Amino acid sequence: MSEIVTDLSVPKNWIARRGFNNQFTLTFLLSEVAFSISGYTFTLYIRKTGSDTNLITLTQGSGLTNGGASGILTVLLSAANTATIDAGGYYFEIDYSISGTSAPLMHGIFNLVDQLNDVPASQDMTVNVVMNGTAVD
């Protein structure tokens with residue numbers, strides 16, 4: 001399997017609306033072709049900036065859908081999830097694991113806005129993850 005390589009020094013900004021479903025899609029590409037992520041397990045954490053306490057944790061089968069051969073990972077932060085925390089600024093991180101080894105994939109600022117706020121939400125944000133290297137078994 002190839003190692004997933006992203007530039008973790010460049011955070012992504014995700015704006016979500018409290019009380020709504022908010023979706024985040026990652027597309028994994030290797031040489032501009034979909035890379036199978038079926039052997040990977042992903043986890044999303046949302047916490048206050050500077051804190052180690054996870055306020056929301058999503059795992060595969062519970063908010064995260066691994067698209068396998070399509071190379072698409074879908075994160076669905078539900079209205080019920082967003083109702084558990086106040087509107088405001090948070091930090092998010094997505095980790096992946098394979099064969100028992102975990103590593104960070106990406107991170108960023110997670111802004112949760114109230115539904116009456118006029119700041120546009122990015123419920124359907126898409127990020128392409130371009131992988132380097134060669135897939136090996």
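How many aromatic pairs does the structure hold? The count is 9, and one of them makes a good starting point for a walk through this predicted model.

**Before you zoom in.** Colour by pLDDT: the mean for the protein is 80, with 75% of residues at 70 or more. Residues 1-5 fall below 50, although this stretch still has 27 contacts in the model beyond near neighbours in sequence. Where pLDDT is low, the predicted coordinates should not be read in detail.

**Stop 1: Trp14 and Phe92.** Select these two and show their rings. The centres are 5.6 Å apart and the planes sit at 80 degrees, so you are looking at an edge-to-face pair. Trp14 belongs to strand β1 (residues 12-17) and Phe92 to strand β8 (residues 88-98), so this contact links distant parts of the chain, 78 residues apart. Switch on a surface and both are hidden: Trp14 is buried at a relative accessible area of 0%, and Phe92 is buried at 0% too.

**Stop 2: the ring cluster.** Now add Phe24, Tyr90 and Phe110; ring pairs link them with Trp14 and Phe92 into a cluster. While you have Tyr90 up, show Lys48: its charged end sits over the Tyr90 ring, 4.5 Å from the centre.

**Stop 3: strand β8.** Select residues 88-98. Of the 11 residues in β8, 8 are buried, so the strand is largely enclosed by the rest of the structure. What does β8 pair with over 7 bridges? That is strand β4 (residues 41-47), in the antiparallel sense, and Leu44 has Ile94 of β8 as its bridge partner. Strand β9 (residues 101-113) also runs antiparallel to β8, joined to it by 11 bridges; look for Tyr91 opposite Ile109. Follow β8 into β9 and you go round a hairpin with 2 residues between the strands, where Ser99 in the turn has a positive phi of about 50 degrees.

**Stop 4: the core.** Which residues touch the most other members of the largest nonpolar core? Out of 28 residues, they are Trp14, Phe42, Leu44, Phe92, Ile94 and Phe110. Colour the strands and you'll see that β1, β2 (22-30), β4, β5 (54-60), β7 (72-77), β8 and β9 each supply at least two residues, with the largest share, 5 residues, coming from β8. In soluble globular proteins, nonpolar side chains tend to be buried together.

**Last stop: around Phe92.** Go back to Phe92 and show what it touches, leaving out residues up to four places away in sequence: among them are Lys12, Trp14, Phe24, Leu44, Ile46, Met106, His107 and Phe110.

Conventions. Residues are numbered from 1 along each chain as its sequence is written. Side-chain values use heavy atoms; hydrogens and water are left out. pLDDT is the predictor's confidence in each residue, from 0 to 100. Contact means heavy atoms within 4.5 Å. Rings of Phe, Tyr and Trp (its six-membered ring) pair if their centres lie within 6.5 Å; planes under 30 degrees apart count as stacked, over 60 as edge-to-face and the rest as tilted. Helices (H or I, at least four residues) and strands (E, at least two) are DSSP runs, numbered from the N terminus. Buried means under 20% relative accessible area, exposed over 50%, partly exposed in between (1.4 Å probe, protein chains only). A charge sits over a ring if NZ of Lys or CZ of Arg is within 6 Å of the ring centre and within 35 degrees of the ring normal. Two strands pair if DSSP finds at least two bridges between them. A nonpolar core is a set of buried Ala, Val, Leu, Ile, Met, Phe, Trp, Tyr and Cys residues joined through side-chain atoms within 4.5 Å.
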